[in-house]
Structure formats: C-alpha cells, structure tokens
Amino acid sequence: MFLYQLLNFFFAASKKEEEEEGGLKYDLSLYKRGDLLEVPRTLFTHFGIYLGDNRVAHLIPDILPVVTKNKSSIAKMVTNNRLLLGVIAKVASVRVDSVVDFAYGSEILVNHMDRVCKQPALDGDEVARRAEKLLGSVTYSLLWYNCEHYVMYCRYGMAISYQTYQFCTAVRKIVCSRTSSYLTALCGVGVMLYLGCLTTLTALLTLLVSFTIWMAA
C-alpha cells in the first residue's frame, strides 16, 4: 500500500503532462482494421495495431499492475513515468487503448514499416486477430521482446525489431573498434601495474582480449 501511495506521488508529477497530451485531433477514417500505427515516444518509437472503432492494441511496459489491482487506475493512459519504470522492472502488457491514449500527443504514421519490411503484410483481419489473441501480461525485454516485435509478428508474421538491430549495430561499432582495442590494452596494463600483478599470463590475456576486439573491428 505504501509503495502504491509513493508511486501515486511520483506519477502526480506527470499528471499535468498527461492532461496536456491529446491536444491533437485524429481522423479515425484514416485507419483501417489491421493497420500498423507508429508514434515517437520518449527515447524510442512506439507501435500498435489498429483494431477498429477507435481501439489500438499495443505492447507497453507499465509498472502500475505490479503495485495495484485497481483496474480503473491501470486503464488510464500509460504516462512516461509508468512506462520507464516498467522497462526497468521488465513488466508489460498487451492492452487496448484509444487512439488518443496510444498516440500520447504525437503524430501517427500508418503502415510505415511496409516500406522497410520485405515480407508482405498479412490480411488486415488476420493482423487484428493476432493482435487480439496476444492481449494480456507479458515479460518485457528491451532487446528481445518489445512493442515492435509484437506488431511485426502480427502484421508480417516475423517477431523482429529494427530498433533493436540498429541499437546492437551501434553498440558493436563502439565496442568492436580499433580505439576500443587500444583502450582495452592500455587499461589492462595500467590495472596490472597498479595492482603489481604484471605477469606473462596476465599480459597475454590482455593482449588476447585486445587482439580479439581488433580483429572484430
């Protein structure tokens, strides 16, 4: 109970933000059942599947179901604070919200992924059926199962995430670079000298790690 009250206090800071969202008006006639909707949100792009009748199914992290069973509170728009805490706790759900609550005040792109994915989209009714079938709590993973994996499976039959791929590619470029190999070797030698454990074995291990990064670059 105390944790719920504490979180309520924390969420109060985003109440004004939540009330200000929804300033945009959305033309529902632009969306068809099975459309993939895409909006920028916080540090990433958020995705959902339009079910028709102003309903969007989307996978979204949310900490609130962990601390309360109050359905009316959980059903409210998921604010950025709730979302970010859900990412950290790895708890999420596939839920249905209105277009306004899903968009969170952002512009909506419709079926933008059709130009990126080589796999043709499934029939709209099949897409929506898949989206509805997966409703409920899920274990969230920023890299392995996020909102993009969910919609890509529903619309194209492949649970993939281009955001994850781009992130991993960027990390690989940073880690597996020649600069990293230099820094790894220097740090390794520096630590060994500081600890007084500069031996043939530790020197070889440091060189091996640096060489591996060098070759992967």
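The following exchange concerns the sheet and selected helices of a predicted model.

Trainee: In what order do the six strands of the open sheet stand?

Mentor: The strands of a sheet pair through backbone hydrogen bonds, either parallel or antiparallel. In this open sheet of six strands the pairing is antiparallel. Because β5 (109–110) and β6 (136–139) each have a single partner strand, they stand at the edges, and one side of each is left without a neighbour in the sheet. Read across the sheet, the order is β5-β1-β2-β3-β4-β6.

Trainee: Which residue of β5 is the bridge partner of Glu-38?

Mentor: Strand β1, which spans residues 36–41, pairs with β5 in the antiparallel sense, and two bridges join them. For Glu-38, the bridge partner in β5 is Leu-109.

Trainee: What angle does the direction of α8 make with that of β2?

Mentor: Helix α8 packs on the sheet, where it touches β1, β2, β3 and β4. Helix α5 (residues 80–89) also lies across β1, β2, β3 and β4, and runs at about 50 degrees to β3. For α8 and β2, the angle between the directions is about 40 degrees.

Trainee: Within what arc do the buried residues of α7 fall, seen down its axis?

Mentor: Helix α7 covers residues 124–133, and its buried residues are Gly-124, Val-127, Ala-128, Arg-130 and Ala-131. They line one face of the helix, because, seen down the axis of α7, they fall within an arc of 160 degrees.

Trainee: Which backbone nitrogen does a side-chain oxygen of Asp-123 reach at the start of α7?

Mentor: The side-chain oxygen of Asp-123 comes to within 3.1 Å of its partner atom, at the start of α7. That partner is the backbone nitrogen of Asp-125.

How values were computed. Residues numbered from 1 in each chain as written. Predicted model: local features only at pLDDT ≥ 70, side-chain atom pairs only at ≥ 80, totals over all residues. Heavy atoms only, no water. Buried < 20%, exposed > 50% of the residue type's maximum accessible area, 1.4 Å probe, protein only. Helix = DSSP H or I, 4+ residues; strand = E, 2+ residues; numbered from the N terminus. Arc of directions from axis to C-beta. Polar contact = N/O pair within 3.5 Å; in protein donor to acceptor, adjacent residues only side chain to side chain. Pairing = 2+ DSSP bridges. Contact = heavy atoms within 4.5 Å. Axes fitted to C-alpha atoms, helices over the stretch in contact; angles between N-to-C directions.
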